[in-house]
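Here are some short exercises to work through with the structure open beside you. Try each task before reading its solution.

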Amino acid sequence: MLDEYLVPFIRPSFPPAGQIVHDLKEIEASNRFSNYGPKELQFSLALADFLGQGLHVTTSANGTLALLSAIQCVFGEGAHGKYLLTPSFTFIAVPQAAIWNGYRPWFVDIDLISWQASPSSARRILKSGRGAIAGILLPNVLGVGSPHIREWELLAAEWELPIVIDSAAGFGSFYEDGSLLGGRGSCEIFSFHATKPFTIAEGGAIASNNPNLVKEVRQLQNFGFDEMRLCERLGFNGKLAEIPAAIGLRQLQGFKDRLAGRRKVFESYAKAFASLGFRFQPNAEASSHFCFTMCCETAELKSAVLFNLERARVQARDYYNPPLHHHPYFVANADQEQISCLPATDDISSRIVSLPIHDHMPAHDIELVIEAVSEVF
Ligand SMILES: *Cc1c(COP(=O)(O)O)cnc(C)c1O
């Protein structure tokens, strides 16, 4: 079937089928298909090696389960009236993972410049509701390392709150200090879903400088079993199977080249759109370029841009619009005070446009996108 779009929003690249067949034969010969087999072990170690910083890593079946595990192991089980601070301008899996652990999200507003969770908004909430807040669930929004990370760490230390960082779309992205995402907070999680810059179709990982935390996550994701296969704690199945782990090992090879390809697209867009008055996220240039997100001067301009892209058969998005507190589930279930004062979130989400970035994007695709946006003027 032909793609409805000339330029789809996502075009993941995978290792050649021949390589995957080779891995499959190897897995077949070993008769180990899952349960933290040799490929998974190798992939975990390779991920740790890529991230450096002495980090420990375990894989997960997907990013959501990685987040669920991280929340459980860092904050413990939630209870009625316990909240995690998190922004509404992120992916829905973030508060969902909190809720499955028995917490509720308390939405902090974002910073108008960085579109990342704002530490000053969090400070205001902590002053009024400290007793109810169990921790900080901090996304690196759109896979971009938050420029406020140091400020969050100071705030967390001051209020004695742990931080779990969701870097789902940011495997390969850097913080402003030049360190790779993965080493901050109690742990950072990644997603390897087909939509992310580093993908194995479905998968995820948790990185931490605390080896015990990583061990605990592995146990949780394996039904809470101890070495005797006795259930020591409430667990579930969050294991990554051998075939996707093998694909991950292949994907790590050449990842830096694919990132360089994505960076070129980013630079072409940035050059073309900066002069048209669009604004980008600070530190986006040091990210793995999940997509190209820009903020229009007005919501009307945003509509015109999206209309033109659609007409040119370019698939665009507007992450994260609507922000989470406008989704029906949260409208129905959140306390008013959790969601009432999010002016920057409402403003930015109404003016946002996300453009496609692919690993190997042909020049004519890039030009098509740039022309479709520029035509609005
Ligand atoms: C993609 C994403 C997730 C979910 O990851 P899956 O692997 O799809 O489960 C969680 N959080 C954020 C911020 C994401 O972008």
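**Exercise 1. Work out the strand order of the three-strand sheet and find its edge strands.**

Solution. This is a predicted model.
- Step 1: the three strands form an open sheet in the order β8-β9-β10, and their pairing is antiparallel.
- Step 2: β8 (279-280) and β10 (352-355) are the edge strands, as each pairs on one side only.
- Step 3: look at how β8 meets β9 (residues 292-295); the two run antiparallel and are joined by two bridges. One residue pair to locate is R279 with its bridge partner C295 in β9.

**Exercise 2. Describe the surroundings of P282, in the loop between β8 and β9.**

Solution.
- Step 1: the relative accessible area of P282 is 27%, so this residue is partly exposed; the buried class would need a value under 20%.
- Step 2: setting aside neighbours within four places in sequence, P282 contacts I113, S114, V144 and P147.
- Step 3: for a sense of distance, take P38, which lies 244 residues from P282 in sequence and 40 Å from it in space, C-alpha to C-alpha.

**Exercise 3. Trace the seven-strand sheet from edge to edge.**

Solution.
- Step 1: the order is β1-β7-β6-β5-β4-β2-β3, in an open sheet with mixed pairing.
- Step 2: β1 and β3 (104-108) each have a single partner strand, so one side of each has no neighbour in the sheet.
- Step 3: from one strand to the next, the twist averages 25°.
- Step 4: check both kinds of pairing. β2 and β3 run parallel and are joined by five bridges, with W106 in β3 as the bridge partner of L85. β1 pairs with β7 (residues 204-208) in the antiparallel sense, over five bridges; here V57 has A207 of β7 as its bridge partner.
- Step 5: see how covered an edge strand can be. In β1 (residues 56-60), four of the five residues are buried.

**Exercise 4. Which face of helix α6 is lined by its buried residues?**

Solution.
- Step 1: list the buried residues of α6 (residues 149-158), namely I149, W152, E153, L155 and A156.
- Step 2: look down the helix axis. These residues fall within an arc of 165°, so they line one face of α6.
- Step 3: identify what that set packs against: α5 (119-129), β4 (133-139) and β5 (163-166).
- Step 4: continue just past the helix, where E160 takes a positive phi of about 55°.

**Exercise 5. Classify the crossing of helices α1 and α8.**

Solution.
- Step 1: the axes of α1 (residues 17-30) and α8 (residues 242-252) come within 10 Å and cross at roughly 135°.
- Step 2: that angle makes α1 oblique to α8, since only angles over 145 degrees would count as roughly antiparallel.
- Step 3: α1 passes α8 in a right-handed crossing.
- Step 4: find the contact residues. α1 contributes Q19, I20, H22, D23, L24 and I27, while α8 contributes E242, I243, A246, I247 and R250.

**Exercise 6. Decide whether T90 is buried or exposed.**

Solution.
- Step 1: locate T90 in the loop between β2 (83-87) and α4 (93-100).
- Step 2: its relative accessible area is 5%, so T90 is buried.
- Step 3: not counting residues up to four places away in sequence, T90 touches P139, Y320 and L324.

Definitions and conventions. Residues are numbered from 1 along each chain as its sequence is written. This is a predicted model: local features need pLDDT of at least 70, side-chain atom pairs count only at pLDDT 80 or more; totals for chains, interfaces and linings use all residues. Side-chain values use heavy atoms; hydrogens and water are left out. Two strands pair if DSSP finds at least two bridges between them. Buried means under 20% relative accessible area, exposed over 50%, partly exposed in between (1.4 Å probe, protein chains only). The arc is that of the directions from the helix axis to the C-beta atoms. Contact means heavy atoms within 4.5 Å. Axes are lines fitted to C-alpha atoms, for helices over the stretch in contact, and angles run from 0 to 180 degrees between N-to-C directions. Angles under 35 degrees count as roughly parallel, over 145 as roughly antiparallel, 65 to 115 as roughly perpendicular and the rest as oblique. A crossing is left-handed if the near helix is turned anticlockwise from the far one by less than a right angle, and right-handed if clockwise.
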